[in-house]
Structure formats: structure tokens, C-alpha cells
Amino acid sequence: MKILFISDVSIHQVIGGAERVLYEQAVGLRRLGHEVHVMTRRLDTHEALADDICGVREWRYDVKAQNPLSFLLTTLFNGARLFRDLEKRVGFDAVNAHQPFSAWAALRGGLGKRPFVYTCHSLSFEEYLSRRRALGRRQRILDTINVHLRKKIEKTVLKKAAGIIVLSSFTKEKLRAVYGIDEGKVAIVPGGVDLGRFHPAAPEDRTEIRRRLGLPTDRLVLLTVRNLVPRMGLENLITAMGDVVRSVPAAILVIGGTGPLREGLVRLRDDLGLTPHIRFAGFIPEEDLPDYYRAADLFVLPTVELEGFGLVTLEALASGTPVLGTPVGGTREILQGNAPGRLFRDTTPSAMAELIIQEAVLLVKEPGRREELSRVCRAFTERNYGWERNVAATERLLAELRVGLTGKRDKAV
């Protein structure tokens with residue numbers, strides 16, 4: 001098939017979950033022999049309007065982001081023009097749109113004349129409000145207008161799509177509750193993990209990895225990798241560490257990531273007297289990320305809202321590191337049941353401290369427990385979450401749509 005992905009993010013540089021899903025699907029389908037293209041807007045990091053990435057051709061349109069109006073207008077007109085040009089030049093067999101703005105532009109360019117699939121990672125207006133809170137720039141009138149437009153654009157795209165893909169039941173329920181989307185139109189295709197890139201390390205190798213990363217070799221290492229924004233709940237985790245270190249003095253928390261809350265989080269750490277027990281690692285490069293997972297004894301996910309799936313949870317588990325997470329969004333779906341991780345009872349610091357202490361004490365008292373958990377974590381991801389499963393399911397849905405077999409999809413693929 002000739003497949004077009006339409007997106008507001010780029011596979012040129014993977015910096016978050018949306019880029020990761022798009023990259024793995026586009027490159028994965030290319031490896032299966034399909035001709036794959038990506039249409040997106042041009043970002044500041046792009047040097048050209050087109051690029052070849054692992055056999056996938058990415059096409060970009062210019063936007064003017066000086067203000068919301070110029071952004072919307074240039075998205076609409078330039079995106080529509082690019083879609084029309086690509087349709088004439090390539091002639092696609094299947095289209096999968098991943099975010100609303102570029103998809104909205106493509107609708108104006110003629111996308112609505114053909115069946116297409118829409119992949120919903122999260123609701124656009126909720127992401128917008130979360131970012132606004134992170135920046136501390138809430139303006140009631142501007143936010144009201146922006147939320148209204150985002151809802152209108154997203155609803156238009158969702159209603160026009162012949163089928164919708166989500167990564168979790170959590171997002172599927174959001175679509176029903178907010179936009180009234182019939183659940184029979186929605187297929188659940190869980191995210192995945194690169195099992196070759198993320199894998200456990202032997203105990204002796206873990207010691208060497210810690211030395212290389214500058215981490216202590218004689219302490220119990222907790223790790224979280226998050227953007228430093230309000231929805232991630234990092235202030236709750238830092239507060240919880242006060243109780244943790246009183247019970248497990250050897251514990252140290254490593255926080256990977258950057259964001260607008262960094263200064264405030266560092267100040268909170270220092271005010272609580274936890275400087276020796278919490279380290280801010282800053283942005284962790286992609287090439288170092290697997291080693292950070294392997295070096296840790298526990299991975300902690302303290303999210304308080306909008307966790308549509310949680311690819312970092314799978315990356316940690318595939319690396320053999322148990323995960324403790326809040327019962328928010330897709331995290332609940334990954335960790336409940338027979339998964340090798342555990343859920344906090346809620347998102348409060350006391351709930352986090354209680355479970356972290358339980359697991360940390362067991363790891364300290366039982367030397368072989370870390371390696372046994374590592375094997376269980378790895379086996380769980382191998383059984384359930386290789387990217388190959390996600391790509392195969394996406395391929396099947398696109399092929400199904402191509403021949404018109406779009407019956408009800410009320411079960412996970």
C-alpha cells in the first residue's frame with residue numbers, strides 16, 4: 001500500500017510519546033514493504049520542506065506561529081495545499097491522521113472525499129490547558145476561545161474519520177464522554193516498546209552502567225523520566241521521598257527531564273532537606289535512556305492527569321525494571337492484573353511513600369528479588385507489547401478500510 005500519515009509532530013526527532021508512536025508505525029510499515037509518507041508542519045528544527053527518514057518520506061508545510069490566528073490560517077491553507085499536491089503526486093491507498101490540526105487542513109484539501117483512520121493520542125484542548133498551566137499564562141478569554149476552536153476542529157476530524165484508533169480504554173471513554181463518539185467506531189491498539197533497544201542488564205553490567213552514568217553503585221535507585229510540568233505530579237513524588245528516606249536511607253531518586261517547573265521542584269527538594277536523596281539529571285539523550293532504565297531498581301510514574309498510555313512504563317518494564325505508577329489513565333490498564341508493576345492507591349504523596357517503602361524494603365532485604373522481578377518484567381513486555389504487534393494491527397485496520405470492511409470494532413485489536 002501507499003500510506004500517508006498526517007501529523008502535527010515529526011519523526012525527524014523523537015522527543016515524546018506522540019513522535020514515538022508515529023515513528024514506530026511509519027518505519028515499521030515501511031519495513032513491511034509499504035510505501036510510507038508523513039505530512040506534517042515545518043518545525044524550527046527542520047532545515048528543509050522534505051526529508052527521508054529510515055525510508056519514510058516526510059513532507060512539511062510552513063506555518064506562521066506569531067499568534068493563534070496566523071497559526072490557524074497558515075495551517076489551514078498551507079496544509080491543504082500540501083495535501084492536494086501529495087494526492088496528485090503519489091495517490092495514496094490509505095491515510096492515517098494522528099493529530100487534529102494537520103488533519104483539519106487535509107480535510108479542506110480533499111481528505112474528506114475518501115475514508116481515513118484517525119489516531120487519537122489525547123484530547124487537544126486538554127493538552128492545551130495543561131501546557132497553559134505549566135507556563136503560568138492562563139488568560140480566561142484567550143483560553144476559552146482556544147478551547148472552543150480546538151474542540152470544534154477535533155470533533156470535525158473525529159466525525160469525518162471512518163475509524164478511530166486509540167492506545168487505551170481510557171482514551172476511548174474520553175471520546176465517548178466528550179464528543180459522543182460511538183464505541184463501535186473505535187479500535188484499541190495499545191502502544192509498544194522496542195524490545196531490542198530496551199532490555200535488562202546483568203547485575204555486574206548494571207554496576208558498570210551506574211558508574212558510567214555517575215550514579216551511586218551502593219544505593220537503591222528510583223528513577224522517573226518526565227517533562228517537568230504540572231500534570232506529571234513530580235511535586236508529590238518529591239514530597240513522598242521525605243518519608244521514603246526515613247525508612248530506606250539508601251534510597252535516591254533520579255529525575256530525568258526538563259520543563260518550566262524545574263526551579264520550583266529543585267527549591268522544594270532543598271526546602272525538604274532532600275538534596276542528598278534527589279538528583280535532577282536534566283534531559284536524558286535517547287542513546288542514554290535505556291541505560292538509565294537498566295541502572296534503576298524501581299521506576300516511578302507519579303502522573304496526576306492525562307496519561308493516555310505511558311510508553312515510558314513499557315520501556316522500563318522491557319529493561320527489567322519494576323514500575324510503580326498512579327492509577328491514572330493508561331497506566332492503570334498496563335499495571336493492573338498480572339502485570340509486574342504495582343499501582344499506588346491514589347496520587348497523594350502518602351500513597352506513593354507507602355508503596356515505595358514496601359517495595360524498597362523488600363529489595364534491600366531480599367538480594368535476589370531484583371533479578372527475579374527483572375525476568376518477570378521482561379517476559380511480560382515480550383508477551384504483550386512489542387511494536388510489531390502495534391504495527392501489524394495498524395496495517396490490518398488500514399487494509400481493512402481500503403477494501404471497505406469497516407464493521408464494528410468494539411474490542412482491542
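This short talk walks through two helix pairs and the nonpolar cores of the structure above.

Please keep in mind that this is a predicted model, in which local features need pLDDT of at least 70 and side-chain atom pairs count only at pLDDT 80 or more, while totals for chains, interfaces and linings use all residues. Residues are numbered from 1 along each chain as its sequence is written, and side-chain values use heavy atoms, with hydrogens and water left out.

Let me begin with helix α2, residues 68–89, and helix α3, residues 100–108, which pack at an angle of about 60° with their axes 7 Å apart; helices here are DSSP runs of H or I with at least four residues, and strands are E runs of at least two, numbered from the N terminus. Axes are lines fitted to C-alpha atoms, for helices over the stretch in contact, and angles run from 0 to 180 degrees between N-to-C directions. Angles under 35 degrees count as roughly parallel, over 145 as roughly antiparallel, 65 to 115 as roughly perpendicular and the rest as oblique, and α2 and α3 are therefore oblique to each other.

Helix α1, residues 17–31, packs against helix α15, residues 387–402, at about 70° with axes 9 Å apart, which makes α1 roughly perpendicular to α15.

Turning to the interior, the largest nonpolar core has 35 residues, and Leu223, Tyr293, Phe299 and Ile334 have the most contacts inside it. Such a core is a set of buried (under 20% relative accessible area, with a 1.4 Å probe and protein chains only) Ala, Val, Leu, Ile, Met, Phe, Trp, Tyr and Cys residues joined through side-chain atoms within 4.5 Å. Helix α11 gives the largest share of this core, 6 residues.

Note on methods:
Buried means under 20% relative accessible area, exposed over 50%, partly exposed in between (1.4 Å probe, protein chains only).
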